[in-house]
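Student: Please take a close look at a single part of this structure. Give me its setting first, then go through the part itself, and end with a few other sites worth checking by eye.

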Amino acid sequence: MKKATTGMKKSSSKEAKGEASPSQHIDARIEELGDWRGEMLARIRSIIKKADPEVVEEWKWRGVPVWEHDGIICTGETYKAVVKMTFAKGAALDDPSDLFNSSLEGNTRRAIDFHQGDKIDEKALKALIREAVELNISARAARSRKKAKTA
């Protein structure tokens, strides 16, 4: 896994070969959308970066923006009528502001569908992102402790 250090992330082998970085792919997606969905994705991206300055951007599954910190925090998918922010471990997160409005039936993921004209509760979204980061960090620490016991 790539890790952010002192504000910079390590270059992937693709970047070293002159291919676009995940951040460049996300920039291009925002620009190519050219409508409210691009603006919404850019806004979500900005909030994620404010909530977790150490976040690492990835580009996975043939074109999905992914934000990680010790594991996947969330994805940012764009569709015709919605920008979907899916939290990988959303079912384990407290959501006192009831931001989750999609993928509520699953045991693991939860999502927020943003429609044209929707306002973002930035404070609540930042809190949810930070909680997801803390969950990833604690899960990683637990795995490390378990591994140390078996070694």
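Tutor: Start with the contacts between residues at least 6 apart in sequence: in this protein, 52% of them join residues at least 24 apart. Keep in mind that this is a predicted model. The chain has 151 residues, and 44% of them count as buried. About 9100 Å² is exposed, with carbon and sulfur atoms supplying 50% of that area. There are 4 helices and 7 strands. Along the sequence they run β-β-α-α-α-β-β-β-β-β-α.

The part to look at is strand β6, residues 83–87. Its cover comes first. Of its 5 residues, 5 are buried. In a regular strand, side chains alternate between the two faces of the sheet. Here both faces are covered. Val 83, Met 85 and Phe 87 lie on one side, Lys 84 and Thr 86 on the other, and all are buried. Note that Lys 84 is in that buried set.

Now the neighbours. β6 pairs with β5, residues 72–78, in the antiparallel sense over 5 bridges. A hairpin of 4 residues joins β5 to β6. For one register point, take Cys 74, which stands opposite Phe 87 of β6. β6 also pairs with β7, residues 110–114, again antiparallel and over 5 bridges. Use Lys 84 as the register point here: its bridge partner in β7 is Asp 113.

Go back to Phe 87. A search of the whole structure finds 1 aromatic pair. Phe 87 and Phe 100 form it: the ring centres are 5.5 Å apart and the planes meet at 80°, so the geometry is edge-to-face. The two rings come from distant parts of the chain, 13 residues apart, with Phe 87 in β6 and Phe 100 in the loop between β6 and β7. Both are buried.

Now the other sites. In strand β3, residues 56–60, find Glu 57. Its relative accessibility is 3%, under the 20% cut-off, so Glu 57 counts as buried. Its side chain has polar partners. One is the side chain of Ser 23, at 2.5 Å. Another is the side chain of Trp 67, at 3.0 Å.

Ser 23 falls within helix α2, residues 22–33, which also holds Leu 33. Leu 33 counts as buried because its relative accessibility is 15%. Set aside the neighbours within four places in sequence, and Leu 33 is in contact with Gly 38 and Thr 78. Thr 78 is 45 residues away along the chain, yet the C-alpha atoms of Leu 33 and Thr 78 are separated by 8.8 Å. Thr 78 also belongs to β5 (residues 72–78), the strand that pairs with β6.

Gly 38 leads to helix α3, where it is one of the buried residues. Helix α3 covers residues 36–51, 16 in number, and reaches 22 Å from first C-alpha to last, close to the 22 Å expected at 1.5 Å a residue. Asp 35 caps its N-terminal end, with a side-chain oxygen 3.0 Å from the backbone nitrogen of Arg 37. An α-helix has 3.6 residues a turn, so residues three or four places apart point the same way. The buried residues of α3 include Arg 37, Leu 41, Ile 44 and Ile 48. Arg 45 is also among them.

Conventions
Residues numbered from 1 in each chain as written. Predicted model: local features only at pLDDT ≥ 70, side-chain atom pairs only at ≥ 80, totals over all residues. Heavy atoms only, no water. Helix = DSSP H or I, 4+ residues; strand = E, 2+ residues; numbered from the N terminus. Buried < 20%, exposed > 50% of the residue type's maximum accessible area, 1.4 Å probe, protein only. Polar contact = N/O pair within 3.5 Å; in protein donor to acceptor, adjacent residues only side chain to side chain. Expected span 1.5 Å × (residues − 1). Pairing = 2+ DSSP bridges. Contact = heavy atoms within 4.5 Å. Areas by Shrake-Rupley, 256 points an atom, 1.4 Å probe, with all protein chains shown as cover. Phe/Tyr/Trp six-rings, centres within 6.5 Å; stacked < 30°, edge-to-face > 60°.
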